[in-house]
Protein chains: 2
Amino acid sequence: MADKVTIADVARVAGVSRQTVSNALNTPEVVRPETRQRVLEVVEELGYRVNFAARQMRTGRSKLIAIRIDPAGDGVNGSVFDRFLHGLTESAAGAGYRLLLYTAADDQKEIAAFQDLLGAYEPDGFVLTSTHHKDARTSWLLERGLPFVTFGRPWSEPADVHPWVDVDGSAGTEAATEHLLAAGHRRIAFIGWPSGSGVGDDRREGWRRALAGAGLDPAGLSRETPDGIADGEAAARDLLTADPDITALVCASDSLALGALHVARSPNPAWHAEAYRRIAVTGFDDTPVAKAIGLTSVHQPLTDAAARCMDLLGRALDGTPPGNLLLPPSLVVRQSA
Amino acid sequence: MADKVTIADVARVAGVSRQTVSNALNTPEVVRPETRQRVLEVVEELGYRVNFAARQMRTGRSKLIAIRIDPAGDGVNGSVFDRFLHGLTESAAGAGYRLLLYTAADDQKEIAAFQDLLGAYEPDGFVLTSTHHKDARTSWLLERGLPFVTFGRPWSEPADVHPWVDVDGSAGTEAATEHLLAAGHRRIAFIGWPSGSGVGDDRREGWRRALAGAGLDPAGLSRETPDGIADGEAAARDLLTADPDITALVCASDSLALGALHVARSPNPAWHAEAYRRIAVTGFDDTPVAKAIGLTSVHQPLTDAAARCMDLLGRALDGTPPGNLLLPPSLVVRQSA
DNA sequence: AGGCATGATTTGATCGTTCAAGTTAAGGAA
DNA sequence: TTCCTTAACTTGAACGATCAAATCATGCCT
């Protein structure tokens, strides 16, 4: 393998000093154009590349961004994070950064991971996902003035405590509900998660808002259940049994929707002795499963979100005030609704 | 934020030299137990952590492993890589390594990425996925003596040219086919990819082997098509129309199987005027989609594969001959077959 | 007692880069 | 001519760790 080419090698061949090579690459304006040109040619010729470790020692910047990847979530919804990650890797590369992965089981473990990482690899910044109420991670990072962006807004604090990018979940469920209303549905129920989670409550709120806008009463039309196919099925069964007028189900996730769909599509439902009701179902996240089975679902612009996260983080690293950003989702209409 | 703690700080507080601190941490056996104890206490007290950049400068080891993540594949099968990645992150962490992500559009671009990475971050090793015939990447790395493991066996070269871990695809389709045979099926067709891809040919071979074992003739029972839901549907339709005796379809992927399932489950198939035939379908990869819709599928032990990859890479980094490993998949039986 | 091996610790040098300060040469003003 | 400024480039030092070699005890053997 070609031996390591250092800045000194380039300097020698180009007949200039190390520092001039460094300047030609990092501060071109202080170098005479023809010198710069010559240096760049030698850089090309020798295949020189800066050694990040050495640079990091001097400047303190590692050009690394750390992000947590969860222990093998094999669920339907795991793919949301994965799609975000794919997008972020590309945006980061465009900005000259690479992603460093780590795992952590909970907030406290993640903070411990921060400490390990900061001591060892010294990442320049962090991207946090799945923010929640009383997020210990963000306050820890804020206290220490470390640059980070969250994908997910702060749920317990004012919107401007830290930079974030999020997708407007309530707008998503609202759009889904409005789509159902436009199709003539009047009794539209919601299947979501136990209240207390920011994301879940937000999604429920969008449904409620749409019903209110149409002058409809949401009372008795909402169920709270853990995320899962079986859970969605049970909740749907419960709702449809309790209220024979329900004709549509808005769900907080594709997993729940998938379960609901089983009930909605069962040809001769035990929960209903009358003539067959066609029940519309919508999901959330537009996972591959939704696409595969024709489930109408709310799509999150994840690649875009990733790019904007990188934008904001870049600003945070520059010292520019980064701000925050709420992206609109879009409804992907398929056969299920 | 707490100022950076260096090895010199620890040395001063513990009343020893830098090198003794280094030894206490890296070569404990050369340090007197009580000295070691004292040093470790100070390390704990000050919250000292080695700075990897500095270590890397001296030792040349970065404790980083690079792995490519593909540009946002939103398909059904994307999750295979993602599950592998989750597992690998954990195994790597266990061995003191972290994963560094990069993207690349093709083999040549990936080799360029190798050069960038080696010059800049100097990863200690690489994990390559989706190996194929005439893989330019492996030969490039081999020529330069760089440590790597592939998840996927070498398809054009002898098995021992480089370390690898793979899942035995032909054993998977063979198991699926045998399961169908045991259920009484006799005309079992195969839907796979155009020949020439190692993985695809291997999966077809397993089906052929199982049929041969039962003394059955595979002639006319195989179709080659790109990977996709619509492609699977078309191929299934074609097969079932051409041969009225077919009662089961073994597919090379869950995407293909999903398409096939649409045909198999259509209540009044245009392709068949006779009484309704129940067509069994099996997929490959056991994606969330398979679980969601009750598709019998071949499951790959991805977490295990990731762990073994890390094992082998660790050996390659130590200089121990790493070898290679073919893992058996398992058939997950659901309603579809 | 002298010599020597062994164990425990310390010292100086080094990895490749960039910062900060220094040098050199050329041009302009007095 | 002399002095000063500026542009262009060079030199020495430093980042924080580990390697290699040096130092200093200590114990054992003859």
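1. A polar contact is a pair of N or O atoms within 3.5 Å. By that rule, Ser22(A) reaches DNA strand C: one of the polar atoms in its side chain is 2.8 Å from a phosphate oxygen of the strand. This is a predicted model, and the points below should be read with that in mind.

2. Two further residues meet the phosphates of DNA strand C. Thr35(B) does so through a polar side-chain atom, at 2.4 Å from a phosphate oxygen. Asn51(A) does so through a polar backbone atom, at 3.2 Å. Helix 2 and helix 4 of chain A, together with helix 2 and helix 4 of chain B, are the elements that give two or more residues to the surface near this strand. Helix 4 of chain A gives the most, with five residues.

3. What surrounds DNA strand C as a whole? There are 26 residues around the strand, and the closest are Ile7(A), Gln19(A), Tyr48(A), Arg18(B) and Thr35(B). By type, the residues of this surface comprise eight nonpolar, 10 polar and eight charged. On the DNA side, sugar or phosphate makes up 53% of the strand C atoms within 4 Å of the protein, and bases make up the rest.

4. DNA strand D also has 26 residues around it, of which Thr20(A), Thr35(A), Ile7(B), Gln19(B) and Ser22(B) come nearest. Sugar and phosphate account for 53% of the strand D atoms that come within 4 Å of the protein. The residues of the surface near strand D divide into eight nonpolar, 10 polar and eight charged.

5. Which residues meet the phosphates of DNA strand D? A polar backbone atom of Arg32(A) is 2.9 Å from a phosphate oxygen. Tyr48(B) uses an N or O atom of its side chain, also with a distance of 2.9 Å. For Asn51(B), a polar backbone atom is 3.3 Å from a phosphate oxygen. The elements giving two or more residues to this surface are helix 2 (18-26) and helix 4 (52-59) of chain A, with helix 2 (18-26) and helix 4 (52-59) of chain B. Here helix 4 of chain B gives the most, with five residues.

6. Helix 2 of chain A also has a buried part: Val21(A), Ser22(A), Asn23(A) and Ala24(A) are buried. The buried residues of this helix pack against helix 1 (7-14) and helix 3 (33-46) of chain A. Ser22(A), named in the first point for its phosphate contact, is thus one of the buried residues, a label that considers protein chains only.

7. The two protein chains meet through 52 residues from chain B and 52 residues from chain A. Between them they bury about 4,500 Å², 62% of it on carbon and sulfur atoms. His86(B), Arg98(B) and Tyr121(B) supply 15% of the area that chain B buries against chain A, more than any other three residues.

8. Is Asp286(A) buried or exposed? Asp286(A) counts as buried because its relative accessibility is 11%, and the cut-off for buried is under 20%. Asp286(A) sits in the loop between strand 9 (280-284) and helix 12 (288-293) of chain A. Its side chain makes a polar contact with the side chain of Arg334(A), at 2.9 Å. Leaving aside residues up to four places away in sequence, Asp286(A) touches Arg83(A), Asp254(A), Ser297(A), Val298(A), His299(A), Val332(A) and Arg334(A).

9. On cysteines, the count is zero disulfides over all chains. Cys309(A) is buried, at 1% relative accessibility. Cys309(B) is buried, likewise at 1%.

Definitions and conventions: Residues numbered from 1 in each chain as written. Chains lettered and ligands numbered in written order. Predicted model: local features only at pLDDT ≥ 70, side-chain atom pairs only at ≥ 80, totals over all residues. Heavy atoms only, no water. Disulfide = S-S within 2.5 Å. Buried < 20%, exposed > 50% of the residue type's maximum accessible area, 1.4 Å probe, protein only. Near = heavy atom within 4 Å. Polar contact = N/O pair within 3.5 Å; in protein donor to acceptor, adjacent residues only side chain to side chain. Helix = DSSP H or I, 4+ residues; strand = E, 2+ residues; numbered from the N terminus. Nonpolar A, V, L, I, M, F, W, Y, C, P; charged D, E, K, R; others polar. Contact = heavy atoms within 4.5 Å. Buried area = accessible area lost by both parts, 1.4 Å probe.
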